[in-house]
Amino acid sequence: SGDVAVYVGRRPAPGRRILVPYTGGPHDRAALELAGRIAERNQDVVVTVLHVVKPGRTEAEPRQGVATIVEPMGPERVTLKIVESAEPLEVAL
């Protein structure tokens, strides 16, 4: 089981920004891949990945696969924000 949150705005036009909280789990990877597919189909969509990592993590440690999914989208379409927290769900909400 996993936690999934989807926000759908009340405005009639489709959203142009997608926020993907990411901690490296299999559900996170699936959500990131889905956001990438949506961005591929809609050229005006931009994706922000909120990558939550453990406090004190070094830059040398791998980013739990986030780079391999984010890089193909291109820097103009995706922003990667890294936040340290022991409570990733709290940060995402």
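**Exercise 1. Count the helices and strands of the chain and give their order along the sequence.**

Step 1. The chain holds three helices and three strands. Helices (H or I, at least four residues) and strands (E, at least two) are DSSP runs, numbered from the N terminus.

Step 2. Along the sequence the pattern reads β-α-β-α-β-α.

Step 3. Note the basis. This is a predicted model, in which local features need pLDDT of at least 70, side-chain atom pairs count only at pLDDT 80 or more, and totals for chains, interfaces and linings use all residues. Residues are numbered from 1 along each chain as its sequence is written, and side-chain values use heavy atoms, with hydrogens and water left out.

**Exercise 2. Work out the strand order of the sheet and identify the strands at its edges.**

Step 1. Pair the strands. Two strands pair if DSSP finds at least two bridges between them. S1 and S2 are joined by six bridges and run parallel. S2 (residues 46–53) and S3 are joined by seven bridges, again in parallel.

Step 2. Read off the order. The three strands form an open sheet, S1-S2-S3, with parallel pairing.

Step 3. Find the edges. Strand S1 (17–22) and strand S3 (78–84) each have a single partner strand, so one side of each is left without a neighbour in the sheet.

Step 4. Add the twist. On average, neighbouring strands of this sheet are turned by 20° against each other, direction ignored. Axes are lines fitted to C-alpha atoms, for helices over the stretch in contact; angles run from 0 to 180 degrees between N-to-C directions.

Step 5. Place the helix. Helix H1 (residues 26–41) packs on the sheet and touches S1 and S2. The direction of H1 makes about 160° with that of S1. Contact means heavy atoms within 4.5 Å.

**Exercise 3. Sort the side chains of S1 by face, then examine Leu19.**

Step 1. Fix the terms. Buried means under 20% relative accessible area, exposed over 50%, partly exposed in between (1.4 Å probe, protein chains only).

Step 2. Sort the faces. Ile18, Val20 and Tyr22 point to one face and are buried. Arg17, Leu19 and Pro21 point to the other and are not buried.

Step 3. Take Leu19. Its relative accessible area is 52%, so Leu19 is exposed.

Step 4. List the contacts. Not counting residues up to four places away in sequence, Leu19 touches Thr48 and Leu50. The C-alpha atoms of Leu19 and Leu50 are separated by 7.1 Å, with their positions 31 residues apart along the chain.

Step 5. Check the register. The bridge partner of Pro21 in S2 is Leu50.

**Exercise 4. Assess S2 and the setting of His51.**

Step 1. Count the burial. Six of the eight residues of S2 are buried, so S2 is largely enclosed by the rest of the structure.

Step 2. Locate His51. His51 lies in strand S2 and stands opposite Ile82 in S3.

Step 3. Check its exposure. His51 counts as buried because its relative accessibility is 0%.

Step 4. Find its polar partner. The His51 side chain reaches the backbone oxygen of Tyr22 at 3.1 Å.

**Exercise 5. List the residues of the largest nonpolar core and trace the elements behind it.**

Step 1. Define it. A nonpolar core is a set of buried Ala, Val, Leu, Ile, Met, Phe, Trp, Tyr and Cys residues joined through side-chain atoms within 4.5 Å.

Step 2. List the members. The ten residues are Ile18, Val20, Tyr22, Leu32, Ala35, Ala39, Val45, Val47, Val49 and Val78.

Step 3. Assign the elements. S1, H1 and S2 are the elements that give two or more residues to this core.

Step 4. Look at Val78. Val78 lies in strand S3. At 9% relative accessibility, Val78 is buried. Val78 and Val49 are 29 residues apart in sequence and 7.3 Å apart in space, C-alpha to C-alpha.

**Exercise 6. Describe the surroundings of Ser85.**

Step 1. Locate Ser85. Ser85 sits in the loop between S3 and helix H3 (88–92).

Step 2. Check its exposure. With a relative accessible area of 16%, Ser85 is buried.

Step 3. List the contacts. Leaving aside neighbours within four places in sequence, Ser85 is in contact with Val52, Val53, Lys54, Pro55 and Val91.

Step 4. Add the polar atom. A polar atom of the Ser85 side chain lies 2.9 Å from the backbone nitrogen of Glu87.

Notes. A polar contact is a pair of N or O atoms within 3.5 Å; within protein, one must be able to donate a hydrogen and the other to accept it, and residues adjacent in sequence count only if both atoms are side-chain atoms.
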